[in-house]
Amino acid sequence: MRLSLAIPLAAGLLLLAGCSSAPEPKKESAPPTPAPSEPVTPKAAIPPSKVGAPDVFKVKMETSKGPVVIEVHREWAPIGADRFYELVKDGFFTEARFFRIVPNFIVQFGLAADPKMTKKWDKQIADDPVSRTNRAGSITFATAGPGTRTSQIFINLRSNMMLDNQGFAPFGQVIEGMEAIEKLNSEYGEMPDQQALTMRGNAYAKDKFPRLDFIKTATVLP
C-alpha cells in the first residue's frame, strides 16, 4: 500500500493518509547514513529556475521553539525546491502551525495562518524523481499521489528510507536547529480536522489547539 502524506485540498487536504501511527522504529542507535547516490537527473539536465531560486539556498525559520535553518539543493528535487522558494518569498509560512507531529517519524506543516494564502497556493506541481533518501532532518513535500504536491511539507524525525520508493523526494536538509524541531509540541498528535484548518486557518488552530507550535517567520538567507 502506498503511503500518502497528503490529499488534495478539495478532498480535505493532508493526512499522512494510510499511516495513522508511526511505523515501528528500527533497532539502531542512530539513523543510517544516506544511501550513496548521485542525483537521478544529471546537473546539466536540470532546468533553470523560472522563479529565480538559487542552486543552493538557506531558509531560516524562527519557530516558537527556536531558530531552524534549512539548506535546499535544487539538484536534489528542482521542482520542489522552486516551490519552497516561492512559498518562503511570499510569506506563506508566517504564523503557520506545525499541525501534525508523529513522534519518531515526521513533523508536518504547510497550511497557512490565513486560509486565503492556503487557497492561493493550492496549485499542484509535477513530481521530482527521488534522488536522496528520507534521512533524519531531510525536508520533503507531502503528496496524495502523482502530481499532487502543493504546499504541505514534512521534516523527517528519523531515517524513513521506506518513503524513498513511494515517490517522496527530499529537497533539503535541516542543518541547524534540529533540536527545536524535536521539541515541538506533540500533545495533539493527529489533528482531527485538517479541512477546518485549511478553511479557517489560525482562527481554528488557536481555538481548538492553542498550544500548537508555529513558525514565526521564514526567510531566505542572503
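Modeller: Let's start with burial: a residue is buried under 20% relative accessible area, exposed over 50%, and partly exposed in between (1.4 Å probe, protein chains only). Of the 222 residues in the protein chain, 52% count as buried. This is a predicted model, where local features need pLDDT of at least 70, side-chain atom pairs count only at pLDDT 80 or more, and totals for chains, interfaces and linings use all residues. Residues are numbered from 1 along each chain as its sequence is written, and side-chain values use heavy atoms, with hydrogens and water left out.

Colleague: What does the protein chain average in pLDDT, and where does pLDDT stay under 50?

Modeller: pLDDT is the predictor's confidence in each residue, from 0 to 100. The protein chain averages 85, and 80% of the residues score at least 70. Residues 6-44 stay under 50, and the model has 83 contacts for them beyond four places in sequence (contact means heavy atoms within 4.5 Å). Where pLDDT is low, the predicted coordinates should not be read in detail.

Colleague: How many helices and strands make up the secondary structure?

Modeller: There are 5 helices and 8 strands. Helices (H or I, at least four residues) and strands (E, at least two) are DSSP runs, numbered from the N terminus. From that end, the elements go β-β-α-β-β-α-β-β-β-α-α-α-β.

Colleague: What makes the 8 strands an open sheet, and in what order do they come?

Modeller: The order is 3-4-6-5-7-2-1-8, with antiparallel pairing. Strand 3 (100-102) and strand 8 (215-220) are the edge strands, as each pairs on one side only. The twist averages 25° from one strand to the next, with axes as lines fitted to C-alpha atoms (for helices over the stretch in contact) and angles running from 0 to 180 degrees between N-to-C directions.

Colleague: How do you know that strand 1 and strand 2 pair?

Modeller: Two strands pair if DSSP finds at least two bridges between them. Strand 1 and strand 2 (residues 66-73) have 8, in the antiparallel sense, so they pass that cut-off. Phe57 has Val72 as its bridge partner in strand 2, and the two strands form a hairpin with 2 residues between them. Strand 1 (residues 56-63) also pairs with strand 8, antiparallel, over 5 bridges, with Thr63 opposite Ile215.

Colleague: Which side chains of strand 1 are buried, and which are not?

Modeller: Phe57, Val59, Met61 and Thr63 point to one face and are buried, while Val56, Lys58, Lys60 and Glu62 point to the other and are not. In a regular strand the side chains alternate between the two faces of the sheet.

Colleague: And what makes both faces of strand 5 covered?

Modeller: In strand 5 (residues 138-141), Ser138 and Thr140 are buried on one side, and Ile139 and Phe141 on the other. Strand 5 runs antiparallel to strand 7, joined to it by 3 bridges, with Ile139 and Gly172 as bridge partners. Strand 6 also pairs with strand 5, antiparallel, over 3 bridges, and Thr140 stands opposite Phe154 there.

Colleague: Which residues have the most contacts inside the largest nonpolar core, and why call it a nonpolar core?

Modeller: That name is for a set of buried Ala, Val, Leu, Ile, Met, Phe, Trp, Tyr and Cys residues joined through side-chain atoms within 4.5 Å. This one has 36 residues, with Met61, Phe84, Phe93, Phe109, Phe171 and Ile181 having the most contacts inside it. Helix 1 (residues 78-89) gives the largest share, 5 residues. A second, separate core of 10 residues includes Met191, Leu197, Tyr204 and Phe209.

Colleague: Why is glutamine 166 called buried?

Modeller: Its relative accessible area is 15%, so glutamine 166 falls below the buried cut-off. Gln166 lies in the loop between strand 6 (153-156) and strand 7 (170-176). Its side chain reaches the backbone oxygen of Met162 at 3.0 Å.

Colleague: Why is aspartate 127 partly exposed, then?

Modeller: At 36%, aspartate 127 sits between the two cut-offs, so partly exposed is the label. Asp127 is in the loop between helix 2 (115-120) and strand 5.

Colleague: How do you know that the side chain of aspartate 127 has a polar contact with glycine 147?

Modeller: A polar contact is a pair of N or O atoms within 3.5 Å; within protein, one must be able to donate a hydrogen and the other to accept it, and residues adjacent in sequence count only if both atoms are side-chain atoms. The backbone nitrogen of Gly147 lies 2.9 Å from a polar atom of the Asp127 side chain, so the distance fits. Beyond four places in sequence, Asp127 is also in contact with residues including Ile79, Pro146 and Arg149.
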